[in-house]
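Colleague: Could you take me closely through one part of this model, and then set that part in the rest of the fold? I would love the full detail, partner by partner.

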Amino acid sequence: MPAKLYRSCIASLALAGALGTAPAHADDSAFARSCQALVAQSRIRVVFEDAVLARDNTRSLDELKALSRQSSGRYHQVYGLTQAQAGARYAVRAAMLAHADGRVCAVPSLEVTISVTGLTVYLARELGNNDCKRSIVDEHEQEHVAVWRNHLRAGARLLEPILRQRLDEPFIFASAQEVKDGFRGRVDAVLNPLLRQLQDGIVAANRQIDSPQSYQATGQRLMACP
């Protein structure tokens with residue numbers, strides 16, 4: 001019944017932008033003001049991409065145990081299993097301004113897609129046509145499905161204002177080459193910890209569903225079925 005661990009995949013970054021040049025006589029304070037003005041051009045968007053739920057009732061108990069990689073306990077028979085993968089990809093553009101001394105400031109515009117893929121609920125074929133047992137097991141698996149969808153949907157909604165707040169200052173680089181080499185790392189340093197927090201929330205919620213108490217209650221309900 002456990003869900004597969006969250007996996008995040010960051011797609012390759014394509015950096016593009018319009019590069020302006022500050023006047024040669026501009027002092028540091030003027031350059032800083034011009035860089036800060038670029039923040040108004042930043043656009044941050046985070047969207048959730050759902051998956052169609054697939055069902056598979058052809059696997060045996062032994063096959064589901066192997067898929068779950070969990071040994072059976074007293075109250076744990078793997079009559080059901082939910083598997084999914086989650087990922088994040090982004091596309092970014094930068095508004096940039098170069099100082100005469102070679103320094104460059106850059107402000108990212110970011111579109112992040114948080115997605116769930118491969119969302120599949122397995123019910124063991126040993127359940128057969130026993131509607132009572134199938135309903136109980138499926139009810140449990142739907143809790144896992146809800147965790148994946150609800151956490152990722154909420155995560156997309158909550159990430160957007162946080163990213164706006166944390167990307168409201170320009171990145172300053174010593175040279176145009178440093179922009180090329182370091183821009184992605186700067187964005188990742190902001191985004192990746194937030195994705196890890198989202199991952200941890202999904203794992204914790206799925207573990208709570210799969211607590212010993214939950215397995216015991218589900219086992220007792222199954223034994224009450226005809």
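Modeller: Gladly! Helices (H or I, at least four residues) and strands (E, at least two) are DSSP runs, numbered from the N terminus. This is a predicted model: local features need pLDDT of at least 70 and side-chain atom pairs count only at pLDDT 80 or more, while totals for chains, interfaces and linings use all residues. Residues are numbered from 1 along each chain as its sequence is written, and side-chain values use heavy atoms, with hydrogens and water left out.

First, the setting. The protein has 5 helices and 6 strands, and from the N terminus on its elements follow the order β-α-β-β-α-β-β-α-β-α-α. Of its 226 residues, 44% are buried (under 20% relative accessible area; exposed is over 50%, partly exposed in between, with a 1.4 Å probe and protein chains only). Taking contacts (heavy atoms within 4.5 Å) between residues at least 6 apart in sequence, 84% join residues at least 24 apart.

The part I would pick is helix H3, residues 131–166. H3 packs against helix H4, residues 176–209, at an angle of about 155 degrees, and their axes are 10 Å apart. Axes are lines fitted to C-alpha atoms, for helices over the stretch in contact, with angles from 0 to 180 degrees between N-to-C directions. H3 and H4 are therefore roughly antiparallel (over 145 degrees; under 35 is roughly parallel, 65 to 115 roughly perpendicular and the rest oblique). Their crossing is right-handed, that is, the near helix is turned clockwise from the far one by less than a right angle.

On the H3 side, the contact takes in His140, Glu143, His144, Val147, Trp148, His151, Leu152, Gly155, Leu159, Ile162, Leu163 and Arg166. Facing them from H4 are Val190, Leu191, Leu194, Leu195, Leu198, Gly201, Ile202, Ala205, Asn206 and Ile209. By class, the residues of this H3–H4 contact are 14 nonpolar, 6 polar and 2 charged (nonpolar: Ala, Val, Leu, Ile, Met, Phe, Trp, Tyr, Cys and Pro; charged: Asp, Glu, Lys and Arg; polar: the others, Gly among them).

Leu198 is a good residue to click on here. Leu198 sits in helix H4 and, with a relative accessibility of 11%, counts as buried. Leu198 and Ala156 are 42 residues apart in sequence, while their C-alpha atoms are 9.5 Å apart in space.

H3 has another helical partner to look at. With helix H5, residues 212–223, H3 makes an angle of about 165 degrees, and the two axes are 9 Å apart. H3 and H5 are therefore roughly antiparallel too, and H3 passes H5 in a right-handed crossing. Lys133, Ile136, Val137, Glu139 and His140 of H3 meet Ser214, Thr218, Arg221 and Leu222 of H5. The H3–H5 contact has 3 nonpolar, 3 polar and 3 charged residues. His140 of H3 appears in the contact with H4 and in the contact with H5.

Ser135 also belongs to H3. Ser135 is partly exposed, at 42% relative accessible area. From Ser135 to Leu222 the C-alpha distance is 9.7 Å, although 87 residues separate them in sequence.

Now for the surroundings you asked about, taking strand E5, residues 104–123. E5 is mostly covered, with 17 of its 20 residues buried. Strands pair if DSSP finds at least two bridges between them. E5 runs antiparallel to strand E4, residues 80–98, and 18 bridges join them; among the opposed residues are Gln85 and Thr117, as well as Tyr90 and Val112. E4 and E5 form a hairpin with 5 residues between them, and Gly102 in the turn has a positive phi of about 105 degrees. In E4, 15 of the 19 residues are buried, so E4 is largely enclosed by the rest of the structure.

E5 also runs parallel to strand E2, residues 44–49, over 6 bridges, where Phe48 has Ile114 as its bridge partner. Strand E3, residues 54–56, pairs with E5 in the parallel sense over 3 bridges, with Asp56 opposite Tyr122. Strand E6, residues 171–173, is joined to E5 by 3 bridges and runs antiparallel; there Val104 stands opposite Phe173.

Finally, try Thr113 in E5. Thr113 is buried, at 10% relative accessible area. Leaving aside residues up to four places away in sequence, Thr113 touches Val47, Glu49, Gly87, Ala88 and Arg89.
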